[in-house]
Amino acid sequence: MTFKEVQKQLVFIGSDHAGFEAKELLKPYLVSEGFEVTDLGCFNTAPCDYPDIAREVSEKVIEHSGDKAFGILICGSGNGVAMAANRFKEIRAGVAIDEHMAEMTRRHNNANVLTMGARDIDIEMMKKVARKFLTTEFENKEE
């Protein structure tokens with residue numbers, strides 16, 4: 001599946017202060033590839049509580065679940081926002097640091113929120129990871 005085939009797919013994005021700069025660089029890339037991106041914070045590098053941002057993104061993904069909405073959360077390691085997002089019953093958040101992890105998170109685990117660590121991967125890899133995550137379908141095999 002290409003980005004052009006998923007145009008107007010909803011992506012809710014958020015970060016804490018550690019992921020703010022990466023989020024700001026990732027947003028225009030996603031928009032240029034045809035995604036409808038909504039930024040839910042944070043909006044500067046001032047310290048903020050990542051669970052609050054994870055809650056905002058998670059609630060929007062749940063609210064728009066019929067629209068095949070996805071979330072992207074960025075913090076220092078990707079772990080904090082993943083743990084906070086996974087507290088919500090309908091959220092399946094997974095950390096990915098490369099394309100293979102992003103693909104498996106979607107294909108095998110049907111994740112609807114991608115989390116990444118701004119201190120662990122650079123923006124070019126984040127773009128590749130987001131592309132793979134957002135364009136991979138769940139295999140939906142009965143176990």
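# How helix H5 fits in

Helices H1 and H5 lie oblique to each other. Keep in mind as you look around that this is a predicted model. Helix H5 covers residues 123-135, and it turns up again and again below. One of its residues, Phe133, is half of the one aromatic pair that a search of the whole structure finds. After the helices, we'll visit some loops with unusual backbone features and then a few single residues.

**H1 against H5**

- Start with the geometry: the axes of helix H1 (residues 20-32) and H5 come within 10 Å, and they cross at roughly 50°.
- Why call that oblique? An angle of roughly 50° is not under 35 degrees, which would be roughly parallel, and it falls outside 65 to 115, which would be roughly perpendicular, so oblique is the word that's left.
- The handedness of this crossing is right-handed.
- On the H1 side, the residues that do the meeting are Ala22, Leu25, Leu26, Tyr29 and Leu30.
- Their partners in H5 are Ile123, Met126, Lys127, Ala130, Arg131 and Leu134.

**H4 against H5**

- H5 has another neighbour, helix H4 (residues 99-107), and these two pack with axes 8 Å apart at an angle of about 20°.
- With an angle under 35 degrees, the label changes, so H4 and H5 count as roughly parallel to each other.
- H4 and H5 also make a right-handed crossing.
- From H4, the contact is made by Glu99, Ala102, Glu103, Thr105 and Arg106.
- From H5, Lys128, Val129, Lys132 and Phe133 take part.

**The aromatic pair**

- Which two residues make the aromatic pair? Phe70 and Phe133 do.
- Their rings sit 5.6 Å apart, centre to centre, with 75° between the planes.
- That angle is over 60 degrees, so the pair counts as edge-to-face.
- Phe70 belongs to strand E3 (residues 70-75) and Phe133 to H5, so the pair ties together parts that are 63 residues apart in sequence.
- Are these two residues buried or exposed? Both Phe70 and Phe133 are buried.
- Phe133 has company too: Arg106 lies over the face of its ring, 6.0 Å from the ring centre.
- Arg106 is also one of the H4 residues in the contact with H5.

**Arg131, another H5 residue**

- Arg131 sits in helix H5 and is among the residues there that meet H1.
- With a relative accessibility of 33%, Arg131 is partly exposed.
- Along the chain, Arg131 and Glu99 are 32 residues apart, and their C-alpha atoms are separated by 8.4 Å.

**Loops with a twist**

- Where is there a cis peptide bond? Look at the bond from Gly41 to Cys42, where omega is near -10°.
- Cys42 is placed in the loop between strand E2 (36-39) and helix H2 (50-63).
- Lys68 isn't a glycine, yet its phi is positive, near 55°.
- You'll find Lys68 in the loop between H2 and E3, where it is partly exposed at a relative accessible area of 35%.
- Asn110 is not a glycine either, and its phi is positive as well, at about 55°.
- The loop holding Asn110 runs between H4 and strand E5 (113-117), and this residue is partly exposed, with 22% relative accessible area.

**Ser15 and its neighbours**

- Ser15 is part of strand E1 (residues 10-15).
- Its relative accessibility is 0%, so Ser15 counts as buried.
- Which residues does Ser15 touch, leaving aside its neighbours within four places in sequence? They are Phe20, Lys23, Gly41, Cys42, Cys48, Ile53 and Ile74.
- Spot Gly41 and Cys42 in that list: they're the two residues joined by the cis peptide bond.

**Two residues of H3**

- Ala82 has its place in helix H3 (residues 79-85), and so does Met83.
- Ala82 is buried, with a relative accessible area of 7%, whereas Met83 is exposed at 58%.
- Outside its neighbours within four places in sequence, Ala82 is in contact with Ala93, Val95 and Thr115.
- Ala82 and Ala111 are 29 residues apart in sequence, with 11 Å between their C-alpha atoms.
- For Met83 and Asn110, which are 27 residues apart along the chain, the C-alpha atoms are separated by 16 Å.

Definitions and conventions:
Residues are numbered from 1 along each chain as its sequence is written. This is a predicted model: local features need pLDDT of at least 70, side-chain atom pairs count only at pLDDT 80 or more; totals for chains, interfaces and linings use all residues. Side-chain values use heavy atoms; hydrogens and water are left out. Rings of Phe, Tyr and Trp (its six-membered ring) pair if their centres lie within 6.5 Å; planes under 30 degrees apart count as stacked, over 60 as edge-to-face and the rest as tilted. Helices (H or I, at least four residues) and strands (E, at least two) are DSSP runs, numbered from the N terminus. Buried means under 20% relative accessible area, exposed over 50%, partly exposed in between (1.4 Å probe, protein chains only). A charge sits over a ring if NZ of Lys or CZ of Arg is within 6 Å of the ring centre and within 35 degrees of the ring normal. Axes are lines fitted to C-alpha atoms, for helices over the stretch in contact, and angles run from 0 to 180 degrees between N-to-C directions. Angles under 35 degrees count as roughly parallel, over 145 as roughly antiparallel, 65 to 115 as roughly perpendicular and the rest as oblique. A crossing is left-handed if the near helix is turned anticlockwise from the far one by less than a right angle, and right-handed if clockwise. Contact means heavy atoms within 4.5 Å.
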